[in-house]
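Let us walk through this protein together, starting with the empty spaces inside and working out to the helices around them. Keep the structure open as you read.

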Amino acid sequence: MSDSSLAERQAVRKALRRLGPLVLLLYTAGYLDRVNLGTAALTMNADLGISVSAFGFATGIFSAGYIALQVPGNLALNRLGPRRWLGLLTMSWGVVAVLSSLIQGEGSLIASRIALGAVEAGMLPGMLMYLTIWFPPRMRGRVTALVCLPFYAILGTPLSAAIIQYAHGVMGVAGWRWMFILEGVPTIILGLVLLRFLTDSPATAPWLTEPERKALLRVTTAETATEKLKIRFSDVLQRLRDLRLVTLSVGVSLLWVGFVAITSFLPLIITGFAQQAHTKLSVLQTGLLSGSVYIPATLVALLWVSSSDRRNERVWHVACGALLAAAGTVLAANTTGLWLTLLGTVLLTSGIYAALFLMWQIPVGHLRGPVAMSVGIALTTMLGNIGSFLAPYIVGWLRDATGNYNSGLYFIAASLIGCAVVTVAGNRIRASGAASPTSISPRGDIEEVTAH
């Protein structure tokens with residue numbers, strides 16, 4: 001092993017130990033404050049007289065501000081630096097999450113979700129950009145999986161349910177209001193922690209040796225990420241004219257239909273199937289069942305991502321993950337027993353997470369340079385969130401129209417099948433511009449070209 005390879009491995013291990021837990025907390029806080037609304041709905045909807053379709057619309061409208069501020073968010077990250085930008089964002093959405101405890105009806109619910117989407121808009125693209133600064137392409141599948149482990153669902157959903165059930169009535173306040181308060185305050189504290197302990201790039205990391213710093217800068221985007229980007233409107237238009245990027249972003253959108261629908265409605269879906277099976281579940285039992293679904297899903301996703309990195313292949317791993325999720329969705333929609341339904345949701349969540357950890361790398365895999373990468377990641381998440389906007393409203397509307405979630409599950413299955421087809425077909429579109437130092441080949445594997 002050469003000295004540079006050894007230094008690179010040592011640098012990556014240090015970065016993963018020091019920054020991995022912080023990024024995991026960032027992701028967990030962001031998604032917990034986003035998806036705990038699904039658990040709150042178990043009692044909040046009845047308290048405030050909110051219909052399932054209205055709840056679905058409020059859940060989806062989160063994406064309005066989220067979509068609008070994706071590109072400006074990544075530009076702000078470059079100007080302020082990841083540490084300040086991600087820390088301030090985290091504090092901001094923590095404040096909005098706490099203020100969500102004041103919701104009084106459909107209007108204020110919609111307003112709070114728009115506000116939360118606006119302040120969270122920079123989180124995911126900023127986090128993904130941050131990972132490209134610190135980790136080489138061949139490791140990003142596994143690193144993304146590790147820092148995006150769904151603890152917000154495995155631990156957060158039961159925690160949310162416990163707060164709703166046991167804090168209800170304390171000081172005359174409903175349990176779901178306490179949930180927003182008690183889960184929002186730690187997010188504000190996390191923002192302060194990120195401001196103190198995140199490191200912008202290897203170039204500014206005092207905890208790396210000089211050989212480690214140089215080795216890591218050589219294999220990541222960090223060297224150019226430290227420059228101040230000058231992004232023109234024409235750069236955004238160029239990415240929008242990139243048919244391959246846009247087509248694959250549609251695949252992201254179709255995958256997020258399933259992801260957002262299941263994270264938003266899983267507690268309500270489990271409650272509905274339990275009622276069909278003549279089983280009564282408490283709020284806490286519903287939360288525990290909802291969280292437990294994600295445990296096998298996490299194990300499957302980690303194995304799947306490891307296989308993708310080992311084989312240097314992305315596209316077919318994403319497509320097969322989406323098809324597994326579609327099969328689980330159909331199983332859940334065609335069974336009457338609660339435990340078979342849970343098996344279907346396990347397959348659904350397993351497939352979605354297996355694909356989700358890898359999907360974002362495909363659309364931007366052919367982009368070269370910090371400008372294209374920054375704008376491309378932001379546009380991918382922006383276009384992908386169109387699915388996040390539509391999915392909850394459509395699933396909620398179908399639930400109100402039919403009296404059950406089966407038709408909504410079929411809609412999710414169709415979207416996931418579409419994701420598999422679009423991902424495979426879109427990757428065959430010739431990339432506009434020259435191949436990048438880290439690009440996706442027509443077979444979907446990662447080609448790493450080292451500059452000499």
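To find empty space, a 1 Å grid is laid over the protein atoms alone: a cavity is a set of points where a 1.4 Å probe fits but cannot get out, while a pocket is an open set with protein on both sides within 12 Å along at least five of seven lines. Lining residues have an atom within 4 Å of a point. Grid points are joined across faces, edges and corners, and a volume is the space filled by probe spheres set on the points. By this rule there are five cavities of 30 Å³ or more.

A word on the model: it is predicted, with local features needing pLDDT of at least 70 and side-chain atom pairs counting only at pLDDT 80 or more, whereas totals for chains, interfaces and linings use all residues. Residues are numbered from 1 along each chain as its sequence is written, and side-chain values use heavy atoms, leaving out hydrogens and water.

The largest cavity has a volume of about 200 Å³. It is lined by 17 residues, of which Leu124, Leu128, Trp256, Leu356 and Trp360 are the closest to its centre. At least two lining residues come from each of α1 (3-48), α6 (123-134), α14 (243-276), α18 (338-359) and α19 (369-402); helices (H or I, at least four residues) and strands (E, at least two) are DSSP runs, numbered from the N terminus. The lining holds 14 nonpolar, three polar and no charged residues, where Ala, Val, Leu, Ile, Met, Phe, Trp, Tyr, Cys and Pro count as nonpolar, Asp, Glu, Lys and Arg as charged, and the others, Gly among them, as polar.

Now look at α6 itself. Twelve of its twelve residues are buried, meaning under 20% relative accessible area (exposed is over 50%, partly exposed in between; 1.4 Å probe, protein chains only). One of them is Trp134. Trp134 is also among the residues with the most contacts inside the largest nonpolar core, together with Tyr152 and Phe259; this core has 123 residues. Such a core is a set of buried Ala, Val, Leu, Ile, Met, Phe, Trp, Tyr and Cys residues joined through side-chain atoms within 4.5 Å. Leaving aside neighbours within four places in sequence, Phe259 is in contact (heavy atoms within 4.5 Å) with Tyr27, Tyr31, Tyr152, Ile352, Tyr353 and Leu356.

Is Glu8 buried or exposed? Glu8, in helix α1, is buried, with a relative accessible area of 9%. Not counting residues up to four places away in sequence, Glu8 touches Pro136, Arg138, Ala215 and Val219. Glu8 and Ala215 are 207 residues apart in sequence, yet their C-alpha atoms are 5.0 Å apart.

Helix α1 turns up again at the second largest pocket, which holds about 320 Å³ of space. Of its 16 lining residues, Leu25, Thr28, Ala29, Leu32 and Pro186 are the closest to the centre. With six residues, α1 gives the most to this lining, which divides into twelve nonpolar, three polar and one charged.

Finally, step back to the chain, with its 20 helices and two strands. Buried residues make up 60% of its 452 residues. Of the contacts between residues at least 6 apart in sequence, 83% join residues at least 24 apart.
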